[in-house]
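Trainee: I would like to learn how to read salt bridges, strands and cysteines in a model. Can we start with a charged residue and work outwards?

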Amino acid sequence: MGAYDITDHHYDVVVVGAGGAGLRATLGMATSGLRTACVTKVFPTRSHTVAAQGGIGAALNNMGEGDGWRYHMYDTVKGSDWLGDQDAIEYMCREAIPSVIELEHYGVPFSRTDEGNIYQRPFGGHTLDYGKAMARRACAAADRTGHAILHTLYQQCLKHAAEFFVEYYAIDLIMDDNGACQGIVALCMEDGSIHRFLGQRTVLATGGYGRVYFSCTSAHTCTGDGNAMALRAGLPLQDMEFVQFHPTGVYGAGVLITEGARGEGGYLTNSEGERFMERYAPTAKDLASRDVVSRSMTIEINEGRGVGPKKDHIMLHLEHIDPETLHKRLPGITETAKIFCGVDVTKEPIPVLPTVHYNMGGVPTNYHGEVLSPTADDPNNTVQGLMAIGEAACVSVHGANRLGTNSLLDIVVFGRAAAHRASEVLTPGATHAPVSKESTDRAIERLDRMRHAKGDRQPGELRLDMQQAMQKYAAVFRSGESLTDGVKTMDSIAGDMNNIGIQDRSLVWNTDLIEAMELENLMSQALVTIRSAEQRKESRGAHAHEDFTERDDENWMKHTVMWLDDDNKSSVAYRDVTMTTLTNEVESIPPVARVY
């Protein structure tokens, strides 16, 4: 610590991350009178929420179909392949309705129906009357819904005088001797100064870790920093084996084509021009759940019916849709297709391929956003002072597979829930306990070690090895052999982190240093992901195991919880899935075969 000057900041709440979850929490905390700091490594409106396209799910029933939150809850439980916790899912689907109305009142510019209500489109896996017909439930702002929500929430945060620390990189959590979180240590990238942000509550809203994989829809900033900070603080991650592949990433680029394109009438074909989804999901067809569509596409390619010279992709057709509708409802997609594959969507199909899109796993929490550290005696033991929300958290409302539109919903509902909880239990301006010097020293040591790393492996080179290994061994389909080989390969690659070297020793705008620290974060999550996958001997949701093709509720209807120590040794435990509902207003949904 002596070699670095440290500036201390005292707040009631420290939010790490300024995506939709972080901003909704920041806004809720600030409006309830808590002094709130939002610490973010990128400018808030550059957070990855900006890339969410198709819509936010809520059973508003604006299309007059008789929709209701119980149908939404059923679809979410079914989509999760019965690994989602039903108390949290009930909470999310009930609170979806007031949460989206709140967004509308904050000023989110939703698309409108002729009557002036929020426009809702169909989306994969969303049904009416417990699976009998497709629902129109995705509340959309054209195909830029995340962009609209993010900008609106940021404006509201500024209006309510939340304090932002922009381009500050969070190094590690500060934990006291009793395992309570006191805040974070962060590096100001602009001038290289070190800061401690101390609060009664620290909220991890750091997003997913999609950049563990070679082909993904995630921004380069999606390195799961909060998850890795939790692992280094001795806390576990939950359900990390469940990684969602989005069916329609642009072939060769990985950029997302929203499910809303299929919601507006788009469909997939193979090399024979066949609309093959009718074989795999006779009712929902192209709007089946994401894992189902991704696997169906992969089977078509593996069986030789892929498109193109290498027979390695599928076609998405929008050219039959009225150009006026495309211009009004899917302007971003029209532009994306033109830029990334030179396609005019009014005339020709888009080449697509399943691409890593979302991490169902993360820091385990309850539906208040409070972080859990399960013990043998108490599987719901909470960590004092620490919360997690959004894609960084595992509530678990998504279970083994997330339904489309539920990610924007998750960040808004649980950002709001965390703020409600903090305002209930915190006293504005309360004094803080003395800060742990040991925990601060550990964070500074990590920075210093990486800053002076002199090995001969470049961070970019090692990152590519990791991404290609994960893409090869833990993809849409897994097998015992691929996972065993993958664990060995990843152990070897992770061991090379000791041989990393960086060129720039400065602290001011040192992107070399930041990327190396992000790589260290990614590496720990890659290890937990592939080890968790190797242990789960069944197929469920996004985890499709070729040696265990059926879901095994008797042995595997449970959450994987894994810890990782400083030597990359992991230990695993399991938590029961919550099958009971939150209230008596809806019955528990028992497991059945998952067909669309």
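Mentor: This is a predicted model. Start with Glu-274, which is partly exposed, its relative accessible area being 27%.

Trainee: Which residue forms a salt bridge with Glu-274?

Mentor: The general idea comes before the case. Side chains of opposite charge can pair when their charged atoms come close. Here Glu-274 pairs with Arg-279, and their closest N and O atoms are 2.7 Å apart. Arg-279 is partly exposed as well, with a relative accessible area of 43%.

Trainee: Where in the chain does the salt bridge between Lys-437 and Asp-441 lie?

Mentor: Both residues belong to helix H12 (residues 437–451). They are 4 residues apart, so about one helical turn separates them. The closest N and O atoms of this salt bridge are 2.8 Å apart. Lys-437 is exposed at 52% relative accessible area, while Asp-441 is partly exposed at 24%.

Trainee: Is the salt bridge partner Arg-137 buried or exposed?

Mentor: Arg-137 is buried, with a relative accessible area of 1%. Its salt bridge is with Asp-75, and the closest N and O atoms are 2.9 Å apart. This pair links distant parts of the chain: Arg-137 sits in strand E6 (residues 133–139) and Asp-75 in helix H2 (residues 69–79), 62 residues apart. Asp-75 is buried too, at 2% relative accessible area.

Trainee: How many salt bridges does the structure hold?

Mentor: The count is 44. Some residues are linked in a network of salt bridges, among them Asp-81, Glu-241, Arg-536, Glu-538 and Arg-594. Asp-291, Arg-295, Arg-540, Arg-551 and Asp-553 also belong to that network.

Trainee: What is the nearest side chain of opposite charge to Arg-262, which is buried without a salt bridge?

Mentor: That side chain is Glu-259, 4.0 Å away. Arg-262 is found in helix H6 (residues 260–263). Leaving aside neighbours within four places in sequence, the contacts of Arg-262 include His-246, Pro-247, Thr-248, Leu-268 and Val-293. Asp-286, Leu-287 and Leu-316 are also among the residues in contact with Arg-262.

Trainee: Leu-316 is in a strand. Which way do the side chains of strand E15 point?

Mentor: In a regular strand the side chains alternate between the two faces of the sheet. In strand E15 (residues 314–317), Ile-314 and Leu-316 point one way, Met-315 and His-317 point the other way, and all are buried.

Trainee: Which strands pair with E15?

Mentor: Strand E14 (residues 267–269) runs antiparallel to E15, and 3 bridges join them. Thr-269 stands opposite Met-315 there. E15 also pairs with strand E16 (residues 350–359) in the antiparallel sense, over 3 bridges. In that pairing, Val-352 of E16 is the bridge partner of Ile-314.

Trainee: What is the strand order in the open sheet of 3 strands?

Mentor: The order is E12-E23-E24, with antiparallel pairing. Strand E12 (237–238) and strand E24 (570–576) are the edge strands, each pairing on one side only. Strand E23 (residues 558–564) is joined to E24 by 7 bridges in the antiparallel sense. One of the positions to inspect is Thr-560, whose bridge partner in E24 is Tyr-574.

Trainee: Now the cysteines. How many disulfides are there?

Mentor: A disulfide is a covalent bond between the sulfur atoms of two cysteines. The count here comes to 0 disulfides. Cys-181 is in no disulfide, and the nearest cysteine sulfur, that of Cys-38, is 15 Å away. Cys-181 counts as buried at 5% relative accessibility.

Trainee: Why is there no bond between Cys-216 and Cys-222?

Mentor: Sulfur atoms must lie within 2.5 Å to count as a disulfide. The closest cysteine sulfur to that of Cys-216 is in Cys-222, 7.5 Å away, which is too far for a bond. Cys-216 counts as buried, also at 5% relative accessibility.

Trainee: How many helices and strands does the protein chain have?

Mentor: The protein chain has 16 helices and 24 strands. The radius of gyration is 23 Å, close to the 25 Å that the globule rule gives for 596 residues, so the chain is as compact as a globular protein of that length. Along the principal axes, the C-alpha atoms fill a box of roughly 65 × 50 × 50 Å. Buried residues make up 62% of the 596 residues.

Note on methods
Residues are numbered from 1 along each chain as its sequence is written. This is a predicted model: local features need pLDDT of at least 70, side-chain atom pairs count only at pLDDT 80 or more; totals for chains, interfaces and linings use all residues. Side-chain values use heavy atoms; hydrogens and water are left out. Buried means under 20% relative accessible area, exposed over 50%, partly exposed in between (1.4 Å probe, protein chains only). Helices (H or I, at least four residues) and strands (E, at least two) are DSSP runs, numbered from the N terminus. Two strands pair if DSSP finds at least two bridges between them. Lys and Arg count as positive and Asp and Glu as negative; His and the chain ends are not counted. Contact means heavy atoms within 4.5 Å. The radius of gyration is taken over C-alpha atoms; the globule rule is 2.2 Å times the number of residues to the power 0.38.
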